[in-house]
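Here are some exercises to work through with the model open beside you. Try each task before reading its solution.

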Amino acid sequence: MKSTILKDNAEFIDDAFMVCSLCGKCRQTCPSYLANLWEFTSPRGRIETTFGIKEGHIELTERVNRTMQQCFTCGACVEICPAHVDVRKAILLVRQTAFEEGIPLPEEQTKLLKRIKETNNYYGKESIVSEQGSGDILIYLGCKYSTDKSLYEPLIKQLKELGVNYKIIGQNKCCGFPFYLAGDIKEFEKHQEALAEEINNSNGKLIVTPCPEGIEAFKQAGKVNIDIKHITEFLAEQKSKIKKKSGIKKIYYHDPCYLARIAGVTEEPRQLLENIDGVELIPWKLNGKTSLCSGSGAGFTELADPEEAQATLNRHIQAIKELGAEAIVTACPHAYEQFKKQKELPVFTVEGFIQECK
Amino acid sequence: MSDLTQFSHDRISIDKEKMNEIISQLEKIVGKNDVASDPSQIYAYSMDASIHRELPHVIVRPESAQEVSEILKLANKYIIPVIPRGAGTSLSGHATPWRGGIVLDMMKMNKIKEINIQNLWVVVEPGVVFDDLNRELAKYGFMFPTGPGSGDTCTIGGMVAVNASGIRALKYGATRDFVLAMEVVMPTGEIIRTGSKTLKNSSGYQIAKLMVGSEGTLGVITEITLRIVPIPEAEATILAAFKTTKDAGKAIAAIVKAGLIPAKMDIMGLTTIQAVNKAYDIGLPEVQGLLLIDVDGTKEEVERHLHEIAEICKKMDPVELKMSKDPEERERIWAGRKAVLPSLSRLRKGVVSVSISEDMSVPIAEVAEVLDEFRKLSEKYKGITIGVYGHAGDGNIHTKILFDVTKMKSWKDSFKISEEIYKVVTDHGGTVAGEHGIGFTKAPFLKYEHNDMWVIRKIKDALDPNHILNPMKIGIQGIPETFLEKIRYPVRE
């Protein structure tokens with residue numbers, strides 16, 4: 001193997017392997033394992049595999065890479081692990097190694113990356129933004145919000161209602177996070193550099209984005225020099241100005257993995273929803289930092305294994321229905337899209353739900 | 001290229017052509033999607049939660065007793081071992097192949113088939129996870145108690161196979177006490193139903209009870225009928241911190257002697273408390289002997305027992321004594337106890353916790369003395385730490401040994417310590433396995449306890465003439481001299 005990534009990270013991998021007591025607590029929290037029920041799709045199985053590749057026991061083949069791509073990168077295993085094994089990091093290191101070794105990705109993931117390279121948008125679409133603004137609150141919409149009217153319009157309406165002096169930035173510029181997840185760090189950084197150039201040369205004082213993966217992308221690249229907040233954090237600071245009444249009572253709020261577990265934002269979306277007259281948030285064990293992935297996996301894993309994604313969504317929906325939810329609200333465009341695949345319950349983003357209320 | 005030679009030197013030799021033949025027949029039985037034999041796939045099945053690693057030849061996921069039967073008939077035809085596997089949480093190597101073979105991953109057989117409150121039983125497939133079963137039973141106000149620390153992961157099949165138990169065994173008993181009936185595929189492929197769906201049964205040999213604890217060596221369990229009990233009206237927790245483990249042990253004996261049988265009575269030693277506090281920031285008092293006691297029953301009983309136990313503890317001069325009825329606080333305290341095992345490896349850099357002499361049981365009155373003997377051993381071996389915890393209320397103690405697993409000398413010392421630990425245990429009238437079974441890791445210590453191995457071997461020979469099922473476990477094919485075989489850790493010095 002030419003790639004030295006695993007050898008360069010030998011201390012981390014050895015430590016993860018040795019402190020993992022194989023207790024298996026991660027198995028029952030891992031959506032990938034629960035959808036597949038093979039040990040090699042469990043977090044502890046993936047740690048074993050990572051160590052095995054590093055030691056030269058097993059070869060990093062297309063099949064092994066696919067198993068690594070089946071991980072949703074949701075981080076539920078990292079959250080529950082009493083030995084604090086960073087399974088997610090280990091998996092991303094193997095993905096980077098696979099990329100360096102030229103091991104092909106599953107077909108749909110390859111198509112996505114090609115599309116982003118060609119169009120600079122996850123969906124291959126052009127931005128629909130009509131009015132950019134010139135304020136100092138920089139709104140980075142990301143691929144979904146900038147191309148989907150049903151998400152874009154309520155967001156802009158909400159900002160206007162609050163009198164936010166905003167400016168839309170990064171139009172037709174993907175944050176590159178799918179490349180990061182694929183292990184193509186150079187391409188990821190290229191996307192981030194283009195964004196950073198625009199942002200650092202603006203007069204912005206804060207970046208606000210509705211995309212949790214975007215936050216992680218900015219954080220991992222570390223190229224922009226101003227703070228970044230999720231839209232729910234930003235709106236929660238002004239929640240006293242939002243007076244609404246809901247016709248829908250029982251809401252299931254889904255904590256997106258990248259927002260709740262990775263960015264640590266769990267309270268603000270709830271504050272916004274609880275601020276609405278008539279809303280009752282349904283309590284569930286799998287919320288906050290222990291939330292269950294929607295089955296999207298940052299819009300990337302679902303392309304590696306659509307069956308796994310669908311099984312995870314089904315499990316999620318069944319549980320929500322048993323809880324008696326009347327609607328699903330989430331704060332991640334990928335989770336929103338994933339939940340939209342079911343037709344029984346209405347799905348909203350947080351600001352979309354606020355705008356839906358009277 | 002994969003290089004798996006170091007994990008396959010004890011595998012039985014099967015040439016490529018014959019292996020392809022076996023795989024193709026397995027695919028006919030369960031379907032292509034439920035057979036895996038790629039090097040990376042078998043690597044992930046070459047371990048459980050024990051210290052060992054050895055590669056299987058192939059993994060198969062059956063979904064019915066009929067499929068298991070056909071697989072076992074095939075295995076007898078080709079004389080290839082079969083290793084049943086649940087969640088792979090065994091600490092003694094039960095689910096690690098020893099001569100290679102076919103791993104039967106039972107996780108697809110995970111249905112709760114019937115909950116029958118009127119008759120006080122539940123029928124499950126072996127792959128049902130303990131906590132999932134109890135979540136369903138709780139809807140009816142019932143439970144399958146026992147309470148293993150790995151309850152969020154371990155399967156009922158695995159629990160039955162090792163007669164597992166846990167924090168609730170003191171009052172409610174171990175898995176064997178709850179097994180009423182089962183469907184088993186015998187080693188040669190016959191499907192039997194044994195036991196009955198009645199609370200009482202004196203109808204000849206209790207084969208179902210024999211299967212409990214047989215560690216996958218006598219049959220593959222494909223359905224289990226378990227007795228269930230009502231969830232008590234009230235529960236409360238007492239946390240009692242003592243200066244020494246001996247004082248904690250004395251408190252345990254005094255509580256039991258007073259005729260008080262708490263639902264749970266667990267002990268944690270200083271090392272384990274520090275590990276949990278570090279991993280979870282729970283803030284448990286850092287003393288030599290901490291008792292966590294749960295009482296359950298009617299509200300009146302709970303109230304009375306709480307105060308009676310508190311009074312007994314006070315006589316042992318506790319550093320701290322706390323009572324809680326708050327479900328969240330109680331859950332937090334017990335979550336810490338359940339996380340001892342994995343937390344220990346994060347206690348200090350350079351040492352990790354391994355499962356080698358982790359489970360033993362002694363008569364309740366001997367607990368204090370045995371804990372003190374363990375403390376002395378900990379002082380004798382420098383550079384090696386012994387973490388003590390367990391369900392000491394029923395005499396069940398766990399020790400965890402922490403050392404640098406990359407050094408062979410540490411491994412050799414750890415074996416010496418284990419020998420001394422089990423000698424102490426058996427000298428005090430105890431057993432080398434309270435609830436985790438024997439597997440391979442504990443087989444060397446059977447010599448201190450069993451003089452009935454010949455009976456065990458006769459039963460095995462009669463039921464499994466080709467020794468297909470889970471070879472080299474429970475010392476059946478010979479008691480090993482040491483557990484220092486097939487170590488999964490990278491021993492570099």
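**Exercise 1. Work out the strand order of the open sheet in chain B, and find its edges.**

Solution. Step 1: the five strands of this open sheet in chain B come in the order S5-S6-S10-S8-S9, with antiparallel pairing. Helices (H or I, at least four residues) and strands (E, at least two) are DSSP runs, numbered from the N terminus, and two strands pair if DSSP finds at least two bridges between them.

Step 2: strand S5 (112-116) and strand S9 (191-195) of chain B are the edge strands, each pairing on one side only.

Step 3: on average, neighbouring strands of this sheet are turned by 10° against each other, direction ignored. Axes here are lines fitted to C-alpha atoms, for helices over the stretch in contact, and angles run from 0 to 180 degrees between N-to-C directions.

A word on conventions: this is a predicted model, in which local features need pLDDT of at least 70 and side-chain atom pairs count only at pLDDT 80 or more, while totals for chains, interfaces and linings use all residues. Residues are numbered from 1 along each chain as its sequence is written, chains are lettered from A and ligands numbered from 1 in the order in which they are written, and side-chain values use heavy atoms, with hydrogens and water left out.

**Exercise 2. Trace the bridges inside this sheet, then place the helices that touch its strands.**

Solution. Step 1: begin with strand S6 (residues 121-124) of chain B, which is joined by four bridges to the antiparallel strand S10 (residues 220-227) of chain B. Here B:Trp121 has B:Arg227 in S10(B) as its bridge partner.

Step 2: helix H4 (residues 130-138) of chain B packs on the sheet and touches S5, S6 and S10 of chain B. The direction of this helix makes about 35° with that of S5(B). Contact means heavy atoms within 4.5 Å.

Step 3: move to S8(B), which pairs antiparallel with S10(B) over six bridges and antiparallel with S9(B) over five bridges. B:Glu183 shows both pairings: its bridge partner in S10(B) is B:Glu223, and in S9(B) it stands opposite B:Arg193.

Step 4: look at the hairpin of S8(B) and S9(B), where five residues lie between the strands and B:Gly189 takes a positive phi near 105°.

Step 5: helix H3 (residues 65-78) of chain B lies across strand S8 (179-185), S9 and S10 of chain B, at about 50° to S8(B). Seven of the seven residues of S8(B) are buried, that is, under 20% relative accessible area, with exposed meaning over 50% and partly exposed in between (1.4 Å probe, protein chains only).

**Exercise 3. Which way do the side chains of strand S1 of chain A point?**

Solution. Step 1: in a regular strand the side chains alternate between the two faces of the sheet.

Step 2: in strand S1 (residues 137-140) of chain A, A:Ile137 and A:Ile139 point one way, A:Leu138 and A:Tyr140 the other, and all are buried.

Step 3: S1(A) runs parallel to strand S2 (residues 166-169) of chain A, with four bridges between them; A:Tyr140 has A:Ile169 as its partner there. Three bridges pair S1(A) in the parallel sense with strand S3 (residues 206-209) of chain A, where A:Ile139 is matched with A:Val208.

**Exercise 4. Describe the interface between chain B and chain A.**

Solution. Step 1: 55 residues of chain B are in contact with 37 residues of chain A.

Step 2: the two chains bury about 3800 Å² between them, 52% of it on carbon and sulfur atoms. Buried area is the accessible area (1.4 Å probe) that two parts lose on being put together, summed over both. B:Tyr43, B:Arg346 and B:Arg488 supply 16% of the area that chain B buries against chain A, more than any other three residues.

Step 3: eight salt bridges are counted between chain B and chain A, each a side-chain nitrogen of Lys or Arg within 4 Å of a carboxyl oxygen of Asp or Glu. A:Asp14 forms a salt bridge with B:Arg492, the closest N and O atoms being 3.3 Å apart.

**Exercise 5. Which parts of chain A does the salt bridge of A:Lys160 and A:Glu131 tie together?**

Solution. Step 1: the closest N and O atoms of this pair are 3.2 Å apart.

Step 2: A:Lys160 lies in helix H10 (residues 149-161) of chain A and A:Glu131 in the loop between helix H8 (107-119) and S1 of chain A, so the pair ties together parts that are 29 residues apart in sequence.

Step 3: A:Lys160 is partly exposed at 43% relative accessible area, and A:Glu131 is partly exposed at 44%.
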